[in-house]
Amino acid sequence: MVLLPGCSGGGGGGSAPASSPDSSSSTPSTNTGNPAPNVLAISVEPGPANIVNLVFAAVTVCPPGNGSDCQTIDHVLIDTGSTGLRVMSSVLSPVLSLPQQTDANGNPIVACAQFADGFSWGPVKVADVRIAGEQAAQLPIQVIGDPAFSSIPKNCSSTGPSKNTVQTFGANGVLGVGAFRQDCGSACVQSSNAGVYYACPSSGCQPVVRSSAEQLQNPVSMFAGNNNGVIIELPAVPSAGAARVDGSLIFGIGTQANNGLGTASVFSLNPSTGTFTTLYKNRTFGSSFIDSGSNALFFQDAGIPVCSSVTTLGFYCPASTQSLSATIQGTNGTNTSVNFTVANANSLLANNPGFTAFSNLAAPSSLVRGFDWGLPFFFGRNVFVAIEGAITPGGPGPYVAF
Amino acid sequence: MVPKPWSMNIGLMMLFVPFSASAALGGGVASVQADQIQMNGTLRTAAVGKYTEYEIQVPSGTVVREYVSSAGVVFAVAWEGPSLPDLRQVLGTYFEQYVEAAKTQGGGAGPRVIRQPGLVVHAGGHMRAFSGRAYIPQMLPQGVSPDEIQ
């Protein structure tokens with residue numbers, strides 16, 4: 001297994017296990033065993049790049065208005081830290097024909113998606129997307145690494161390392177189900193300076209503005225119902241970790257019998273950044289966030305030793321497991337204490353090299369003011385993410401609740 | 001942070017600034033203004049005693065801070081904002097080192113920390129809220145902690 005940031009070998013040999021196109025399906029695809037149409041089976045398992053603590057699901061992509069020539073794509077990363085559906089070009093069947101989004105002059109629109117650890121470049125296409133029993137029609141999505149758009153503008157490549165292949169991305173795609181309705185939002189409506197969207201005539205790509213509707217959308221916000229947010233439900237994981245963890249991504253908050261808030265508390269988010277405050281060891285981390293797409297708890301603590309082994313470089317390696325606590329506080333003032341543990345990453349991996357899920361994996365953060373509550377936070381909790389402006393029984397989004 | 005008086009900016013303007021100067025980390029003070037020009041930003045400065053901190057606000061709203069020692073060397077840079085700045089410009093020759101180091105760490109799933117003898121890079125956040133910093137450990141002025149770089 002690769003602990004990320006991890007060894008250079010990358011683990012999993014062979015190509016990504018892409019599914020073949022489903023040419024005869026006339027009914028919406030659902031995942032086997034799902035009891036309700038708003039429930040998507042998710043699992044923490046090795047994935048195509050053999051990285052720990054990544055949670056995956058399958059989504060089905062169809063040409064708009066065409067329910068016959070669909071393709072189900074597995075090992076799509078479930079990510080509350082980003083917005084929009086993105087799939088790697090290399091896993092798409094050549095017979096899946098998705099319309100290219102263009103500007104008013106017919107020039108193709110290509111996006112430079114920015115992540116914490118790099119950028120992903122590829123065209124914006126339009127699809128009908130089916131997830132569990134829900135559907136988002138005419139959804140702008142990104143196809144990453146499309147060979148038809150191999151020339152990457154310097155504005156984009158200058159943002160960091162590239163993540164344009166299954167191996168560098170770590171998945172066959174990503175389903176961004178964060179608290180925002182579009183990936184860029186007003187910044188890209190008002191200005192092309194964010195460097196996210198480009199029009200690419202043959203003379204070369206130029207940054208452009210895009211309206212809200214033209215940007216990549218949060219697929220959940222485009223469902224006919226159950227569209228005000230999501231719940232990630234993952235069971236607890238033993239201290240030694242687990243080989244595999246199965247859970248659910250549930251659509252809607254308080255819209256069905258299976259998605260009520262229950263006893264969860266609501267923590268409002270900064271409406272511009274999607275962040276809240278974490279108080280840890282008498283320090284304030286004012287730009288904190290909960291992110292299912294981060295594969296550890298990332299926070300700065302100079303008192304915890306960092307691993308020196310090549311395979312676990314970048315993670316924390318305390319001499320013995322640390323029992324720690326922090327306070328999470330929403331912009332609405334609601335706060336709660338969160339207990340968590342940090343184990344020695346070397347020991348975790350050495351004791352169970354085939355395990356995929358660890359609740360006690362942590363790493364130093366790049367962010368002075370950011371405490372990144374990654375996937376370990378989700379084990380043993382129901383975590384709600386409410387979409388900005390959406391009405392829920394817990395008040396309007398954006399918020400997280402648990 | 002109090003912006004420096006206007007006279008400081010005039011002083012910078014009188015320096016010869018090669019238009020295509022690569023910048024800024026490891027470079028001289030002139031590379032700071034080269035960054036400002038290339039990124040189409042505005043510039044403010046503040047002296048903190050042990051070093052001078054320059055703040056460039058780029059049109060996207062992202063802020064880039066460049067830290068210059070009394071010897072006139074950019075020993076650290078930091079960024080914060082809704083989208084990533086031109087890190088190739090800001091890290092200069094260290095950009096390739098950062099990208100190569102990131103590749104050897106394998107596929108991504110969260111913030112990155114690159115820690116090498118001559119370069120430390122922290123890069124993290126998400127769309128609408130990125131931040132990061134990079135510094136050359138050997139060039140940190142006496143008594144300056146990396147925690148001051150943000």
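Two residues are in contact if their C-beta atoms, placed from the backbone, lie within 7 Å. Helices (H or I, at least four residues) and strands (E, at least two) are DSSP runs, numbered from the N terminus. Axes are lines fitted to C-alpha atoms, for helices over the stretch in contact, and angles run from 0 to 180 degrees between N-to-C directions.

This is a predicted model, in which local features need pLDDT of at least 70 and side-chain atom pairs count only at pLDDT 80 or more, while totals for chains, interfaces and linings use all residues. Residues are numbered from 1 along each chain as its sequence is written, and chains are lettered from A and ligands numbered from 1 in the order in which they are written.

**Exercise 1. Describe the sheet of chain B and find the helices that lie across its strands.**

Step 1: Start with the strand order. Seven strands of chain B form an open sheet in the order 1-2-3-4-7-6-5, with antiparallel pairing; two strands pair if DSSP finds at least two bridges between them. The edges are strand 1 (42-47) and strand 5 of chain B, each of which pairs on one side only.

Step 2: Look at one pair. Strand 4 and strand 7 of chain B are joined by six bridges in the antiparallel sense. B:V77 stands opposite B:A134 in strand 7 of chain B.

Step 3: Add the helices. Helix 2 (residues 29-38) of chain B lies across strand 1, strand 2 (51-57), strand 3 (63-69) and strand 4 of chain B, at about 170 degrees to strand 3 of chain B. Helix 4 of chain B lies across strand 5, strand 6 and strand 7 of chain B, and runs at about 110 degrees to strand 5 of chain B.

**Exercise 2. Sort helix 4 of chain B into its buried and exposed residues.**

Step 1: Apply the cut-offs. A residue is buried if 20 or more other C-beta atoms lie within 10 Å of its own, exposed if 12 or fewer, and partly exposed in between.

Step 2: List the buried residues. In helix 4 (residues 94-104) of chain B they are B:Y94, B:F95, B:Y98, B:V99 and B:A102. They lie on the same side of helix 4 of chain B because they cover an arc of only 140 degrees around the axis (the arc of the directions from the helix axis to the C-beta atoms).

Step 3: Turn to the other face. Here B:E96 and B:E100 are exposed, on the face turned away from the buried side of helix 4 of chain B.

Step 4: Find the packing partners. Among them are strand 7 of chain A and helix 3 (87-91) of chain B.

**Exercise 3. Compare two loop residues of chain A that have a positive phi.**

Step 1: Recall the background. Most residues other than glycine have a negative phi.

Step 2: Take A:N50. Its phi is near 60 degrees, and A:N50 sits in the loop between strand 2 (39-44) and strand 3 (55-62) of chain A. A:N50 counts as buried because it has 23 C-beta neighbours inside 10 Å.

Step 3: Take A:K281. Its phi is about 45 degrees, and A:K281 is in the loop between strand 15 (276-280) and strand 16 of chain A. A:K281 is exposed because it has 10 other C-beta atoms within 10 Å.
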